Structures are given as C-alpha cells and as structure tokens.
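Q: I am new to this structure and would like a close look at a single part of it, the place where the two chains meet. Please also set that part in the context of the chains around it.

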Amino acid sequence: MQNNISVIKVRDILLVTMPPDADDPTISALQEQVLGAMERYQAQNVLLDISGVETLDSFFARTVSETAQMVTLMGGRTIIAGMRPAVAVTATQIGLTLGNLETALNVDRALDMAATPRRRKPR
Amino acid sequence: MLQLLVDSVKDYAIIMLDTEGRVLTWNPTAQRLKGWKADEIIGQNFSRFYPAEDIEKGKTQMELKVAEREGRFEDEGWRVRKDGSRFWANVSITALRDKDGTLRGFGKVTRDLTERRQNEEKLKRQAQEILEMATVPVVPVWEGVILVPLIGTLNSERTQHLMERLLQRITETNSPVAVLDITGVPTIDTQTAQHLIETIAAVRLLGAEVVLTGVRPTIAQTLVHLGIDLSNVITRSSLSAGLRMALGLIDMSVVPKVAAGHAQAPCRTISPS
C-alpha cells in the first residue's frame with residue numbers, strides 16, 4: 001500500500017508520523033498500519049507525531065481516538081505529540097476532545113513520557 | 001508676489017488644472033514631491049498622480065465633479081510619484097470661477113503626510129501591542145512553567161485572545177505546565193467558565209496541563225451554584241499552592257535548604273525530587 005505515513009520502531013516504541021495533508025484513505029490506513037505494526041514488533045507504546053498536521057477534522061479525531069482504544073485493548077499506550085496551537089483551537093471550537101488520550105508538547109517530551117510508567121493525572 | 005509665494009512654499013505642491021484636469025502650472029515643491037519636471041507634466045492629465053486602482057474606479061473624474069459642484073474637494077490617500085513609489089497625501093481641489101461664474105479650472109494643493117501617517121501607524125501598533133500584553137501577560141516562572149495572571153473581567157473576545165496567546169507561548173517556550181491565576185478576576189459567569197474550560201481542553205490537546213489558581217471563596221461558591229463542573233481541572237486557592245502543584249507536575253519540589261543538605265541558611269531552594 002502506498003501512502004505517506006511513516007511507522008518507525010524505536011526500542012519498544014512505534015513512532016508514527018502523520019503527513020501534513022492526510023486524506024481520508026490515508027487516515028483509514030493509519031489504523032491498519034499502527035495495529036499491524038504493534039502486533040508485528042510487540043511494541044508497547046504508540047507515539048503519534050502530528051506536528052505537521054495543519055487541519056484536524058472529525059474523521060481524523062475519531063480515527064485517532066478509536067485507534068488509541070484499540071491499542072489499549074492490545075495492551076499498549078498511545079501518546080499524541082506536537083499538536084499545533086491553531087489545530088487545538090479549532091478542535092475545541094468544534095467540540096472535539098481526544099478523550100483520555102495522553103498528549104505531549106513534542107516528540108522529545110513524548111519519549112520521556114513513554115519511558116515513565118503511566119500515572120494518573122493529579123487532581 | 002503671489003507667484004513668489006507659490007514658488008517658495010516648501011510643504012505644499014500648488015498646481016493648477018484646466019476644466020478637464022490637465023496640468024496647467026507646476027511649482028518647485030510639486031517637482032520635489034512628485035518627481036516630474038514642469039515640462040514633463042504640463043498638459044498631462046492629473047490622473048498620473050493616482051494609483052491604477054483609483055483611476056479604474058474613476059476617482060479622478062469624481063473628484064473634479066465634486067469640486068465643481070461644491071466648490072472644493074478634500075481627500076487623504078495614496079498618490080504616485082514619477083518613479084512609481086507611493087506617498088500618503090492630503091489633497092484639496094478648489095474650483096476656480098471667473099466673475100460670471102464660469103468654471104475656468106481647478107487649484108490643487110497637495111501635502112506629503114507620509115511621515116505623519118507612519119508615526120500614527122507606529123503609535124497605533126505600539127498601543128495595540130501594549131494592550132495585548134496587558135490583557136494576557138504570559139510570564140515564564142520556571143523552566144517548563146508559565147504563569148498567566150489575569151486581571152479584570154473576562155469577556156469572550158479576551159478569552160479567545162487568551163486561548164490563542166497561551167497556546168502559542170506554551171509551544172514557543174516548550175512548557176508542559178501553565179498556571180492560570182484568576183485572583184484578579186472579580187466574577188465568573190457561565191460563559192466565562194465555559195471559555196476557561198475550552199482553553200484548558202485546548203492546552204491539554206497540545207500536551208500541557210493547566211493549574212487554575214486564585215479560586216477565592218466567592219468564586220468557588222459561584223461556580224458550584226452555577227453548576228459548572230471543574231472536577232477535571234486542577235484548581236488551587238492560592239498562587240503559591242498552584243506553583244507547588246505546577247512544580248510537582250514537572251517532578252520538582254520545594255524543600256528547605258537544611259533538608260537538601262545545606263545547613264547554612266533557613267531559605268528555601270528548589271531541587272529535583
């Protein structure tokens with residue numbers, strides 16, 4: 001299958017980079033590729049880098065959140081890294097949330113997060 | 001004498017146009033301001049001084065008509081020099097009539113206000129910047145922690161601005177924690193609370209966390225009575241408690257120097273926990 005999603009395995013982490021101009025078929029392929037790679041490499045963490053993504057639609061948001069749920073079912077953990085401010089503003093304006101997904105400012109911080117056991121956010 | 005005045009005046013380009021708008025006379029300031037020499041421009045239509053978009057709109061004809069009907073026309077706008085560069089000009093066109101009331105032509109006085117306009121724009125820009133800084137100040141207080149002290153009522157426009165600026169600064173400074181202090185906010189209504197919740201949601205999408213501080217008793221009462229659910233938000237009553245929380249989120253803690261192994265002073269230090 002030909003698309004621009006890059007999935008790189010680093011230690012027990014799958015680093016998934018989204019292309020800036022992902023269309024719906026690409027987004028659908030994301031789920032397949034991530035879950036397939038998890039099984040193949042026995043990876044524990046999925047790190048989704050969306051720093052290149054300039055627009056976020058409901059389909060993308062839903063796919064990401066569903067994929068994260070599936071990753072959890074397979075015993076993994078998903079961290080979204082590098083969302084742009086403008087994308088976050090649009091996302092909240094149209095009422096999108098990524099549920100209980102973990103987020104990180106950039107890939108660097110996401111790698112730090114992946115290295116520490118998941119903790120409940122303090123209230 | 002009058003010609004001497006017209007030739008000597010430094011700040012005003014004073015020229016005459018015929019009834020059709022062709023240039024009849026030219027003075028030294030006109031040459032300095034617009035670039036043409038007298039023999040280059042006399043006889044040409046005064047639309048040469050206008051940007052193409054104004055000519056397309058028929059602005060030059062309109063100006064003459066207004067001057068003819070009402071005696072004079074005044075305008076501020078962009079004009080074009082011989083070399084194509086633009087300047088901001090104040091232009092007044094006066095209809096010149098003889099004793100019988102027959103239109104003989106127009107007097108046109110042009111003044112270069114480019115400098116004044118630039119100054120005005122600079123002042124406006126500075127005022128805007130100060131206003132933006134004052135409405136949403138964002139202060140880095142520790143590596144990875146930024147503080148946003150909010151003072152005054154939060155309306156939708158300001159909260160929108162807050163959201164954009166806060167998200168921008170979080171990514172710029174790479175700070176995983178933002179302390180939002182609302183000590184200086186007199187009251188909170190449903191709408192403001194909703195805006196704050198949205199802002200906090202957006203910050204979380206970026207991968208950072210918000211600590212809301214300055215929740216005074218009256219604010220806490222209002223929030224509960226309005227039925228606003230902030231249970232997903234980290235809130236603290238004082239800024240100091242909020243800072244301690246914020247440092248905790250980046251795995252730092254404030255400990256007395258004695259406990260940290262320095263016995264000399266009773267002051268406090270910050271070290272990784």
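A: What follows describes the contact between the chains, and then the sheets and hairpins of each chain.

The model is a predicted one. In the contact between the chains, 16 residues of chain B touch 16 residues of chain A. On the chain B side, helix H7 (156-173) and helix H8 each supply at least two residues. H8(B) gives the most to this side, with 6 residues. Sorted by class, the side of chain B that touches chain A holds 9 nonpolar, 4 polar and 3 charged residues.

Two helix pairs can be followed across this contact, and H3(A) takes part in each of them. Two packed helices are described by the angle between their axes and the distance between the axes.

The pair with H8 is taken up here before the pair with H7. Helix H3 of chain A covers residues 85-93, and helix H8 of chain B covers residues 190-206. Their axes come within 9 Å and cross at roughly 135°. Angles from 35 to 65 degrees or from 115 to 145 degrees count as oblique, and H3(A) and H8(B) are therefore oblique to each other. The crossing of H3(A) with H8(B) is right-handed. From H3(A), the residues that take part are Pro85(A), Ala88(A), Val89(A), Ala91(A) and Thr92(A). They meet Glu198(B), Ala201(B), Ala202(B), Leu205(B) and Leu206(B) in H8(B). By class, this contact is made up of 8 nonpolar residues, 1 polar residue and 1 charged residue.

Next comes the pair with H7. The axes of H3(A) and H7(B) come within 9 Å, and they cross at roughly 140°. H3(A) and H7(B) are therefore oblique to each other, and their crossing is right-handed. Here Pro85(A), Ala88(A) and Val89(A) in H3(A) meet five residues of H7(B): Met163(B), Glu164(B), Leu167(B), Gln168(B) and Thr171(B). The residues of this contact divide into 5 nonpolar, 2 polar and 1 charged. Pro85(A), Ala88(A) and Val89(A) thus appear in the contact with H8(B) and also in the contact with H7(B).

Now to chain A, which carries H3(A). Chain A has 4 helices and 5 strands. Along the sequence they follow the pattern β-β-α-β-α-β-α-β-α. Chain A has 123 residues, of which 37% count as buried. Among its contacts between residues at least 6 apart in sequence, 77% join residues at least 24 apart.

The 5 strands of chain A form an open sheet in the order E1-E2-E3-E4-E5, with mixed pairing. Strand E1 (6-10) and strand E5 (102-104) of chain A stand at the edges with a single partner strand each, so one side of each is left without a neighbour in the sheet. On average, and with direction ignored, neighbouring strands of this sheet are turned by 25° against each other.

Within this sheet, strand E2 (residues 13-17) and strand E3 (residues 45-49) of chain A pair in the parallel sense over 5 bridges. Along this pair, Ile13(A) stands opposite Asn45(A) in E3(A), and Val16(A) stands opposite Leu48(A). E3(A) is mostly covered, as 5 of its 5 residues are buried. Asn45(A), Leu47(A) and Asp49(A) lie on one side of the strand, Val46(A) and Leu48(A) lie on the other, and both faces are covered.

In chain B, apart from H7(B) and H8(B), there are three strands to trace, joined by two hairpins. Strand E3 (residues 72-80) and strand E4 (residues 86-97) of chain B run antiparallel and are joined by 9 bridges. Val80(B) has Arg86(B) in E4(B) as its bridge partner. The hairpin formed by E3(B) and E4(B) has 5 residues between the strands, and Gly84(B) in its turn has a positive phi of about 95°.

E4(B) also pairs with strand E5 (residues 103-112) of chain B, in the antiparallel sense and over 9 bridges. Here Arg97(B) has Leu103(B) in E5(B) as its bridge partner. The hairpin of E4(B) and E5(B) has 5 residues between the strands, and Gly101(B) takes a positive phi near 90° there.

To return to the part that was asked about, H3(A) is oblique to H8(B) and oblique to H7(B).

Notes
Residues are numbered from 1 along each chain as its sequence is written. Chains are lettered from A and ligands numbered from 1 in the order in which they are written. This is a predicted model: local features need pLDDT of at least 70, side-chain atom pairs count only at pLDDT 80 or more; totals for chains, interfaces and linings use all residues. Axes are lines fitted to C-alpha atoms, for helices over the stretch in contact, and angles run from 0 to 180 degrees between N-to-C directions. A crossing is left-handed if the near helix is turned anticlockwise from the far one by less than a right angle, and right-handed if clockwise. Two residues are in contact if their C-beta atoms, placed from the backbone, lie within 7 Å. Ala, Val, Leu, Ile, Met, Phe, Trp, Tyr, Cys and Pro count as nonpolar, Asp, Glu, Lys and Arg as charged, and the others, Gly among them, as polar. Two strands pair if DSSP finds at least two bridges between them. A residue is buried if 20 or more other C-beta atoms lie within 10 Å of its own, exposed if 12 or fewer, and partly exposed in between; C-beta atoms are placed from the backbone.
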